[in-house]
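Hi everyone, thanks for coming. I'd like to walk you through a structure that may be new to you, so please have a look at it on the screen while I talk.

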Amino acid sequence: MVRLAKVIWLQGLLDFSLSAYFIFTTWSLYEQTENVVYTGLFVGLGLLPSLLCIPFIGVFVDRYNKKHLLILALTLILLTICTVLISFKNISPVLLILSNMVLQLCGSLIRPTMQAYLATIFNKEQLIITFQKSASYTIIGGILGTAISSFFIAQALINTLSVIILLTLIIAFYLLWQLPTEQASTALTHHSMLEEMIAGFIYSLSSRFFLQLLVIMAIGQLIYHTTIGFLAAYTYEVLKSSATVYGLLEITISINGVLAGLLGAKFIKRFQRFSSLTIMLILIASLFLLTFNTTLAFTMVGCAGIGYCTTWIRTTFQAIQQISTEPQYHGRAASVRMFFNQSIVVCLTPIFGILAENFSIHHVFFILATLSFIGMLLCSSSQVHKQF
């Protein structure tokens with residue numbers, strides 16, 4: 001319990017600081033440029049370095065000390081955010097985009113490393129519950145970070161916000177330092193990193209079931225990243241509202257993400273084999289609310305559904321993938337999943353930005369709803385049904 005508490009606090013504080021920073025950067029970027037194309041570039045290009053490195057990240061995770069990799073990633077996050085916050089008065093869109101590229105790369109290292117690390121310090125039977133509870137309490141940090149950031153931006157208290165972000169990162173670093181190094185030793189191998197990376201792809205693409213999981217999770221990830229990335233522009237253009245309303249919508253997404261983690265197991269138990277189909281139907285309806293809507297009330301309902309469903313998809317199917325994967329491939333399977341997730345985000349979000357700039361942001365959410373329908377068809381597969 002003490003170990004789980006440390007992990008929860010670590011991830012919660014990290015999510016707090018990154019969420020606060022994300023609200024600050026996305027709002028500042030659109031406020032400066034008033035151009036949705038920059039938003040698309042911010043989201044899409046931000047994931048480009050991760051996309052190029054992810055195939056090898058899984059090999060690093062399977063080969064090297066996972067705690068040391070987490071320390072390296074958190075150190076880079078701290079240095080990057082320090083650089084941006086210190087130079088805030090002369091901040092430029094290019095610097096914001098570059099900082100997001102570094103942070104996304106670090107996040108791409110942290111996620112598979114943390115998942116593989118948790119698999120070594122918790123029992124296999126406890127992984128789904130551990131993943132869901134950890135995700136739920138972690139999102140609480142994101143909610144608080146979003147709320148505090150939007151409040152301080154509205155009050156123009158940027159210096160205070162900067163101190164809070166840096167302080168939480170330092171505490172998170174201290175908690176990580178206190179966590180034990182995994183007991184499981186990494187097996188020595190005479191294969192090159194390229195050979196191991198290729199083996200990871202072959203393994204992860206070896207069955208129809210794994211492919212279905214990858215596509216479903218990629219759709220969920222695209223919807224999540226696109227929604228939070230374009231929500232500032234949606235608030236500014238469609239709702240004609242302030243950063244406070246933007247923060248409120250981000251909090252709505254996060255709160256329902258918490259509920260998805262807390263109630264995820266109960267949801268599966270109640271709906272049994274139809275739980276994934278039900279989630280996809282709710283997600284489609286939520287996206288249609290943002291497609292045909294111009295009011296704050298319906299936007300909040302739509303954001304609530306998107307927050308709940310995308311978090312449910314990410315936590316549940318990630319846990320299923322980890323459970324179904326052989327231990328020696330945990331890191332590489334996670335990196336292959338992230339490669340597919342970020343590939344679709346990198347390829348489509350810049351296009352979404354151009355589409356929103358030339359037509360309307362509503363068109364973006366209509367496309368996402370169409371992709372959700374594809375995800376629903378995949379969830380109807382008998383192989384996916386058996387996991388529930």
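Let's start at Thr 311, which you'll find in helix H12, the helix made of residues 296-324. Before I go on, please keep in mind that this is a predicted model. Is Thr 311 buried or exposed? With a relative accessible area of 4%, Thr 311 is buried, because anything under 20% counts that way. What does its side chain reach? The side chain of Thr 311 gets to the backbone oxygen of Gly 307, at 2.8 Å. If we set aside residues up to four places away in sequence, Thr 311 also touches Ile 139, Gly 257 and Ala 260.

Now let's step back and look at the chain as a whole. The protein chain has 15 helices and 0 strands. It is 388 residues in length, and 58% of those are buried. If you take the contacts with a separation of 6 or more, 85% of them join residues that are 24 or more positions apart. As for the outside, the chain exposes about 16,400 Å², and carbon and sulfur atoms supply 69% of that area.

With that in mind, let's go inside. The largest nonpolar core has 99 residues, and the members that touch the most others are Ile 77 and Phe 317. Which helix gives this core its largest share? That is helix H9, residues 208-237, with 14 residues. There is also a second, separate core of 5 residues, and among them are Val 59, Met 197, Phe 201 and Leu 214.

Please hold on to Val 59, as we meet this residue again at Met 193. Met 193 lies in helix H8. Its relative accessible area is 23%, so Met 193 counts as partly exposed. Along the chain, Met 193 and Val 59 are 134 residues apart, yet their C-alpha atoms are separated by 6.5 Å. Leaving out neighbours within four places in sequence, the contacts of Met 193 are Phe 56, Val 59, Phe 60 and Arg 63.

Two of those partners, Phe 56 and Phe 60, take us to the surface. Together with Tyr 64, Leu 194, Ile 198 and Ile 202, they form a nonpolar patch there, with about 540 Å² of accessible area in all. Which elements give two or more residues to the patch? Those are helix H3, residues 48-63, and helix H8, residues 193-204. Helix H8 gives the most, with 3 residues. One residue to look at in H8 is Ile 198. Ile 198 counts as partly exposed, because its relative accessibility is 41%.

My last stop is a loop. Ser 242 sits between H9 and helix H10, the latter being residues 243-271. How does Ser 242 count in terms of exposure, and why? Ser 242 is partly exposed, because its relative accessibility comes to 38%. Apart from residues up to four places away in sequence, Ser 242 touches Trp 27 and Thr 235. Here, too, we can compare sequence with space: Ser 242 and Ser 150 are 92 residues apart along the chain, and their C-alpha atoms are separated by 9.4 Å.

So that was our tour, from a buried threonine in H12 to a partly exposed serine in a loop. Thanks for listening, and I'm happy to go back to any of these spots on the screen.

Technical notes: Residues numbered from 1 in each chain as written. Predicted model: local features only at pLDDT ≥ 70, side-chain atom pairs only at ≥ 80, totals over all residues. Heavy atoms only, no water. Patch = residues over 30% accessible without salt bridge, like charges linked within 9 Å, V, L, I, M, F, W, Y side chains within 5 Å. Areas by Shrake-Rupley, 256 points an atom, 1.4 Å probe, with all protein chains shown as cover. Salt bridge = Lys/Arg side-chain N within 4 Å of Asp/Glu carboxyl O. Helix = DSSP H or I, 4+ residues; strand = E, 2+ residues; numbered from the N terminus. Buried < 20%, exposed > 50% of the residue type's maximum accessible area, 1.4 Å probe, protein only. Contact = heavy atoms within 4.5 Å. Core = buried A, V, L, I, M, F, W, Y, C linked by side-chain atoms within 4.5 Å. Polar contact = N/O pair within 3.5 Å; in protein donor to acceptor, adjacent residues only side chain to side chain.
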